[in-house]
Amino acid sequence: MPNFLKLPTTANALIRVVIETPRGAAAKLAYDPATQVFGYVRPLPVGMSYPYDWGFVPSTLGEDGDPLDGLVIHQATTAPGVIIKCHLLGALRVKQKDRDGKAIRNDRYIFCPHKEDAEDEPAVADQVPEHLRREIEQFFLSSVLGTGKTIKFKGWQCADEALRAIRKGMKAFAARGSSRIKG
């Protein structure tokens, strides 16, 4: 099985997203690079499920030490380990406070697949519509209940701003890899 963390981030101007938790799942799943498997992390609060596929952007590193998070807006349901080549729609800027009180940025990047669900019904336009933004915000607020984390939204970024942040995450990943080689 490949090490999903090290897959190339882009392919022909599209961004890869590795799915960890598929749409409709009532539990959070995550990729464990040590065992190279997708494992159970925790249940979502009662009655909740992931509204869309959730995963990460490979070969990136965020402020939290993990790959950058990605939500793929489409009507299909996939499975852990599926890789989707996507268009970037934007990002929800998030300030997260962990149980220990440490505050970090942990933005959520929003994508749609390169291949649309159906030719006559595109998943999303070139941005995240306002009503969908509110639904996504509500999901993320509710999804951290019982985890000891709190989150605050710092606004939305357009696709160009979000792409700059992803490139920064790619540089951080590359720097971490080269520092491990040197050290």
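**Exercise 1. Find how many residues apart Arg-134 and Glu-130 lie in helix H1, and work out which salt bridges tie this part of the helix together.**

*Solution.* Let's start with the helix itself.

Step 1. Arg-134 and Glu-130 both belong to helix H1, which covers residues 130-143, and they sit 4 residues apart, about one turn of the helix. Keep in mind as you work that this is a predicted model.

Step 2. Now look at the side chains. Those of Arg-134 and Glu-130 form a salt bridge, at 1.7 Å from N to O. The cut-off for a salt bridge is 4 Å, so this pair qualifies.

Step 3. Move along to Glu-137. Glu-137 and Arg-134 are both in helix H1, 3 residues apart, again about one turn. Their side chains also meet in a salt bridge, at 2.8 Å from N to O. Through shared partners, Glu-130, Arg-134 and Glu-137 are joined into one network.

Step 4. Finally, check the surroundings. Glu-130 is partly exposed, at 47% relative accessible area, and Arg-134 is partly exposed too, at 38%. Glu-137, by contrast, is buried, at 14%.

**Exercise 2. Find the salt bridge partner of Asp-107, and decide whether Asp-107 is buried or exposed.**

*Solution.*

Step 1. The structure has 3 salt bridges in total. One of them links Asp-107 to Arg-105, with the closest N and O atoms 2.5 Å apart.

Step 2. Buried means under 20% relative accessible area. Asp-107 has 9%, so Asp-107 is buried. Its partner Arg-105 has 30% and counts as partly exposed.

**Exercise 3. Explain why Cys-86 forms no disulfide.**

*Solution.*

Step 1. Count the disulfides: there are 0 in the structure.

Step 2. A disulfide needs two cysteine sulfur atoms within 2.5 Å. The closest cysteine sulfur to that of Cys-86 is in Cys-112, 7.1 Å away, so the two are too far apart for a bond.

Step 3. Try Cys-158 as well. Its nearest cysteine sulfur, again that of Cys-112, is 15 Å away, and Cys-158 is in no disulfide.

Step 4. Compare the settings: Cys-86 is buried, at 1% relative accessible area, while Cys-158 is partly exposed, at 40%.

**Exercise 4. Locate the patch of positive charge on the surface and name its residues.**

*Solution.*

Step 1. Look for Lys-95, Lys-97, Lys-152 and Lys-154, which gather in this patch.

Step 2. Trace the elements that give two or more residues to the patch: strand E7 (83-97) and strand E10 (150-158).

Step 3. Pick one example. Lys-95 lies in strand E7 and is partly exposed, with a relative accessible area of 40%.

Key: Residues numbered from 1 in each chain as written. Predicted model: local features only at pLDDT ≥ 70, side-chain atom pairs only at ≥ 80, totals over all residues. Heavy atoms only, no water. Patch = residues over 30% accessible without salt bridge, like charges linked within 9 Å, V, L, I, M, F, W, Y side chains within 5 Å. Areas by Shrake-Rupley, 256 points an atom, 1.4 Å probe, with all protein chains shown as cover. Lys, Arg positive; Asp, Glu negative; His and termini not counted. Charge placed at Lys NZ, Arg CZ, Asp CG, Glu CD. Buried < 20%, exposed > 50% of the residue type's maximum accessible area, 1.4 Å probe, protein only.
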